[in-house]
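Student: I would like a close look at one part of this model, the second largest pocket, and then at what lies around it in the description.

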Amino acid sequence: MVALRFYATGSFQLVNADVHNISKSSVSNITRDVTQCLVRVCQQYVVMPTDPVELQSVMQGFYNVANFPNVVGAIDGTHIRIRAPSVDEHIYVNRKNYHSVNVQGVCDSDMKFMNIVAKWPGATHDAFIWANSNISEMFENRTIGHGWLLGDSGYPLRPWLLTPVLNPGTRQQQRYNEAHMQTRSMVERSFGLLKSRFRCIDTSGGTLLYTPKRCCDIVIAVVVLHNMCIIHRIPLPADNFEDRGRLGRQHYNGNLNDGAAVRQRLINGRF
């Protein structure tokens, strides 16, 4: 209950200690130990499917949102506010000029996370995190050989990662963008729901006052708990899943945009 109270409220150790009539050091140790237990079981609860039957189920769920075909996940990043670290402080300052860790997530249409990356400083670009993630490698080496992710314009346009059309010039492109936005919004709602349930990583709960490594472990721990809630159909909180850690998007300006032909075929054939 000590750790769950912290995850749910982000309350200071002193407050938590007073509530449970234990010492501050006990609160710290309990929270640390529970967090490590949840991190150890992460791969049991946060799983990107590779089996064709499972992928087809994910695709169907996304298709039901806005008739966008073959979507196996929606990807986005969010920032978790942390205390200024004592080492390499400057690399944790994000574009909004506060200290954070930049967390990448991939979710399904039920708002369950299928992949989470929580280890990069706040100054890191979303496209860099994607390029250095295991989920990117799974598509590159065709471990996931069918379907695509939906991401915003901060990501490169790849055959397996579709982004919006910038400055759409046709009605088909507009319809594609509309369906893309509705379908991809599931990941924004997933992060919003995660932070609504676990205020320790939301700005409403303050700032995480730990080392970056421990902050990242806490993020993984609450993602595991979030997925447990989805799996066991725990009732959702009030439907106001705003992700206050989402920064304004930077467009991807790199050279890796080899998915244009795939996207255009989809637009011509389906929208």
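Student: Which element gives the most to the lining of the second largest pocket, and with how many residues?

Tutor: Helix α5 gives the most to that lining, with 4 residues. The model is predicted, so local features need pLDDT of at least 70 and side-chain atom pairs count only at pLDDT 80 or more, whereas totals for chains, interfaces and linings use all residues. Residues are numbered from 1 along each chain as its sequence is written, and side-chain values use heavy atoms, with hydrogens and water left out.

Some terms are needed for the pocket. Helices (H or I, at least four residues) and strands (E, at least two) are DSSP runs, numbered from the N terminus. On a 1 Å grid over the protein atoms alone, a cavity is a set of points where a 1.4 Å probe fits but cannot get out; a pocket is an open set with protein on both sides within 12 Å along at least five of seven lines, and lining residues have an atom within 4 Å of a point. A volume is the space filled by probe spheres set on the grid points, which are joined across faces, edges and corners.

By that account the second largest pocket holds about 250 Å³ of space. Its lining has 15 residues, and those nearest the centre are Pro49, Glu54, Val58, Asp108 and Lys112. At least two lining residues come from each of α4, α5 (52–66) and β3. The lining divides into 7 nonpolar, 4 polar and 4 charged residues; here Ala, Val, Leu, Ile, Met, Phe, Trp, Tyr, Cys and Pro count as nonpolar, Asp, Glu, Lys and Arg as charged, and the others, Gly among them, as polar.

The largest pocket can be set beside it. Its volume is about 400 Å³. There are 16 lining residues, with Cys42, Gln43, Asn115, Ile116 and Asn134 nearest the centre. Two or more residues of this lining come from each of α4 (42–45), β3 (113–121) and α7 (134–140). Strand β3 gives the most here, with 5 residues. The division is 10 nonpolar, 5 polar and 1 charged.

The loop between α5 and β1 (71–81) contains Asn67 and also Asn70. Most residues other than glycine have a negative phi. Phi of Asn67, however, is near 60°, and phi of Asn70 is near 65°. Asn67 is partly exposed at a relative accessible area of 48%, and Asn70 is partly exposed at 27%; buried means under 20% relative accessible area, exposed over 50%, and partly exposed in between (1.4 Å probe, protein chains only).

On the other side of β3 in sequence, His125 lies in the loop between β3 and α6 (126–131). His125 is partly exposed, at 25% relative accessibility. Its C-alpha atom is 9.4 Å from that of Gly77, with the two positions 48 residues apart along the chain.

Away from the pockets, the model holds 7 aromatic pairs. Rings of Phe, Tyr and Trp (its six-membered ring) pair if their centres lie within 6.5 Å, and planes under 30 degrees apart count as stacked, over 60 as edge-to-face and the rest as tilted. Phe6 and Tyr7 have ring centres 5.9 Å apart and planes at 55°, so this pair is tilted. Phe6 also pairs with Tyr210, edge-to-face, at 6.0 Å centre to centre and 90° between the planes. Since Phe6 is in helix α1 (residues 2–9) and Tyr210 in the loop between α8 and α9 (212–231), the pair ties together parts that are 204 residues apart in sequence. Both Phe6 and Tyr7 are buried, as are both Phe6 and Tyr210.

The two helices on either side of that loop can be checked for length, taking the expected span as 1.5 Å times one less than the number of residues. Helix α8 (residues 171–197) has 27 residues and should span 39 Å, and its end C-alpha atoms are 39 Å apart, which agrees. Helix α9 has 20 residues and should span 28 Å; its end C-alpha atoms are 29 Å apart, which agrees. In α9, 17 of the 20 residues are buried, so the helix is largely enclosed by the rest of the structure.
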